[in-house]
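Here are some notes to read alongside the model, written for someone who is new to looking at structures. Please keep the view open and find each residue as it comes up.

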Amino acid sequence: MRIAIIGAGYVGLVSGTCFSEFGVDVTCVDISEERVSNLQKGIIPIFEPGLDTMVKRNVDAGRLHFTTNLADIIPQADAVFIAVGTPSRRGDGHADLKYVYQAAEDVAKHLSGYTVIVTKSTVPVGTGREVKSIVAKTNPDADFDVASNPEFLREGAAIQDFMRPDRVVIGAETERALNVMRKLYQPLYRIEVPIVATSLETAELTKYAANAFLATKITFINEIADLCEKVGANVQDVARGIGLDGRIGKNFLHAGPGYGGSCFPKDTRALVRTAQDYNSPISIVESVVAVNDARPAKMAEKIMAACGGSVKGKKIALLGLTFKPNTDDMRESPSLYIVPELLKNGATIAAFDPKGAEHAKTLLPDITYAADPYETMQDADAVVILTEWNEFRALQLDRVKDLLKTPIMVDLRNVYKPEEMSEAGFTYVSVGR
Ligand code: NAD
Ligand code: UGA
């Protein structure tokens with residue numbers, strides 16, 4: 001089989017590479033000439049563990065290609081996946097669909113023979129139908145169906161998530177389109193991955209419902225963590241105590257600085273707007289959005305309180321800037337809100353992030369960037385763990401204490417144990433413990 005993936009970003013590049021690993025002939029298309037030319041030279045534009053070796057293997061096998069030119073590949077494709085960005089539209093929180101619709105129009109011009117046009121981007125209910133009408137209008141002779149195949153991978157674990165997903169959701173209108181999609185995912189049948197075949201609308205809504213539910217779980221445990229602090233309970237034990245109940249489940253119950261990233265914030269906002277448009281408001285998700293939006297300011301206050309009530313004139317050592325470990329993605333990272341708040345209150349900041357620093361430098365230009373975790377701590381008044389990268393899990397605590405002016409650690413990811421830290425002589429503040 002032959003497919004094209006439009007958009008070679010986190011989702012497009014990972015999905016395309018994984019499909020080629022299944023044996024499919026894949027061409028990833030991007031409008032960015034620089035991105036495509038780098039990919040053709042073997043330079044991977046994002047950090048995703050294991051992706052570079054998998055790309056190389058499939059390029060070497062002649063199954064994975066990169067181009068900016070749709071005319072070369074669309075006519076031969078059995079399916080075309082649209083995997084371009086769907087960011088929040090400025091001002092109103094709706095998903096901005098201009099990249100999706102542009103891609104649909106571009107693809108339509110080159111269709112030849114039966115093709116399934118699949119939205120892999122996260123798109124609101126009704127987008128698949130709109131794509132169908134754009135393609136039909138642009139190319140009235142085209143023989144095509146549309147399908148919705150939302151992606152559930154997580155950054156940092158993207159390959160594992162794509163190759164061994166909990167389920168694959170396919171929204172399709174015809175048996176013919178569904179068969180093409182089933183054939184593409186055939187290798188997953190061997191590991192008994194459930195395929196959920198639905199209508200277009202159901203598939204589109206399933207994606208938003210999944211992300212909103214996960215965001216709700218995180219926000220719920222964050223508010224329980226706040227209460228734990230007030231009543232002297234331990235949120236990790238509460239999470240374990242509830243998570244072992246199979247109906248609740250133990251994942252996504254880690255309290256922290258609030259969810260960030262390229263998806264939960266924009267997708268919760270978009271779901272809220274869709275629901276309002278249909279006069280069926282989802283007030284629980286509206287609350288989740290509001291609570292999570294307020295969380296970074298709370299975390300900044302927590303840091304200031306740990307520093308004796310103020311960070312004016314103080315130096316903060318910051319470990320981690322990305323919204324989660326194992327990615328270089330800075331989109332909607334809590335650091336983008338917490339850092340300016342601390343700066344506004346008079347702090348100076350030295351930060352270290354293993355993969356996000358390059359991108360962070362353009363977004364957070366008013367802090368200094370260190371070459372390793374310890375360099376941030378020289379004469380700092382406190383160290384703050386903002387992202388739970390593995391390399392922050394076993395810091396040499398004696399060295400940390402020697403470097404810091406005062407032994408204060410604010411651990412917003414609950415990486416360390418409170419008893420261990422107080423034994424080591426730290427004033428230690430974490431979340432919900
Ligand atoms: P991204 O910004 O990393 O990548 C999008 C790519 O599309 C960019 O390289 C851009 O140059 C390219 N592009 C834009 N318009 C184009 C066009 N007309 N033709 C060709 N290329 C074009 O975005 P992403 O993080 O991969 O997200 C893509 C979609 O997948 C979004 O809808 C997102 O919500 C969804 N999603 C993302 C993740 C994730 O972990 N990042 C997971 C699941 C779903
Ligand atoms: C999330 C979903 O997990 C994916 O299933 C989905 O495909 C993706 O969004 C998407 O639609 O783009 P991702 O954003 O890559 O994936 O990362 P997550 O691991 O879900 O983390 C999101 C945020 O929640 C991070 O800021 C993380 O630190 C936070 N989080 C996560 C917590 O605070 N606590 C948790 O228990 C889990």
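1. Before turning to the ligands, it helps to fix one term: a polar contact is a pair of N or O atoms within 3.5 Å. Please also bear in mind that this is a predicted model, and that every distance below is computed from its atoms.

2. With that cut-off in hand, consider ligand 1, where a polar side-chain atom of Glu155 lies 2.9 Å from a nitrogen atom of the ligand, a pair that counts as a polar contact because its distance falls within 3.5 Å. On the protein side, Thr86 also takes part through its side chain, one N or O atom of which is 2.5 Å from an oxygen atom of ligand 1. Ile31, by contrast, uses its backbone, with a polar atom there placed 3.2 Å from a nitrogen atom of the ligand. Of the 840 Å² of accessible area that ligand 1 has on its own, the protein covers 88%.

3. Which residues come closest to ligand 1? They are Val11, Asp30, Thr86, Glu155 and Lys266, out of 24 residues that surround this ligand. Sorted by class, the shell around ligand 1 is made of nine nonpolar, seven polar and eight charged residues.

4. Glu155 deserves a second look, since the residue is also among those that come nearest to ligand 2, together with Phe152, Leu153, Lys207 and Cys263, from a total of 19 residues around that ligand. Whereas a side-chain atom of Glu155 faces ligand 1 in the contact described above, a backbone N or O atom of Glu155 lies 2.8 Å from an oxygen atom of ligand 2.

5. Two further polar contacts of ligand 2 involve side chains. An N or O atom in the side chain of Lys207 is 2.7 Å from an oxygen atom of the ligand, and a polar side-chain atom of Arg413 lies 2.8 Å from an oxygen atom of ligand 2. Taken alone, ligand 2 exposes 700 Å², and the protein buries 91% of that.

6. Where in the fold does the shell around ligand 2 come from? Helix 9 (200–231) and helix 11 (264–277) are the elements that give two or more residues to this shell, and helix 9 provides the largest share, three residues. By class, the shell around ligand 2 holds nine nonpolar, three polar and seven charged residues.

7. Helix 9 also packs against other helices, and a student may find it useful to follow these pairs in turn. With helix 12 (residues 283–306), helix 9 makes an angle of about 45°, the axes being 10 Å apart, and the two helices are therefore oblique to each other; their crossing is left-handed. With helix 10 (residues 235–243), helix 9 packs at an angle of about 135°, with axes 9 Å apart, and this pair is therefore oblique as well, although here helix 9 passes helix 10 in a right-handed crossing.

8. A last pair to examine is helix 1 (residues 10–21) and helix 3 (residues 51–60), whose axes come within 9 Å and cross at roughly 50°. These two helices are therefore oblique to each other, and helix 1 passes helix 3 in a left-handed crossing.

Technical notes
Residues numbered from 1 in each chain as written. Chains lettered and ligands numbered in written order. Predicted model: local features only at pLDDT ≥ 70, side-chain atom pairs only at ≥ 80, totals over all residues. Heavy atoms only, no water. Near = heavy atom within 4 Å. Polar contact = N/O pair within 3.5 Å; in protein donor to acceptor, adjacent residues only side chain to side chain. Areas by Shrake-Rupley, 256 points an atom, 1.4 Å probe, with all protein chains shown as cover. Helix = DSSP H or I, 4+ residues; strand = E, 2+ residues; numbered from the N terminus. Nonpolar A, V, L, I, M, F, W, Y, C, P; charged D, E, K, R; others polar. Axes fitted to C-alpha atoms, helices over the stretch in contact; angles between N-to-C directions. Parallel < 35°, antiparallel > 145°, perpendicular 65-115°, else oblique. Left-handed = near helix turned anticlockwise from the far one by under 90°.
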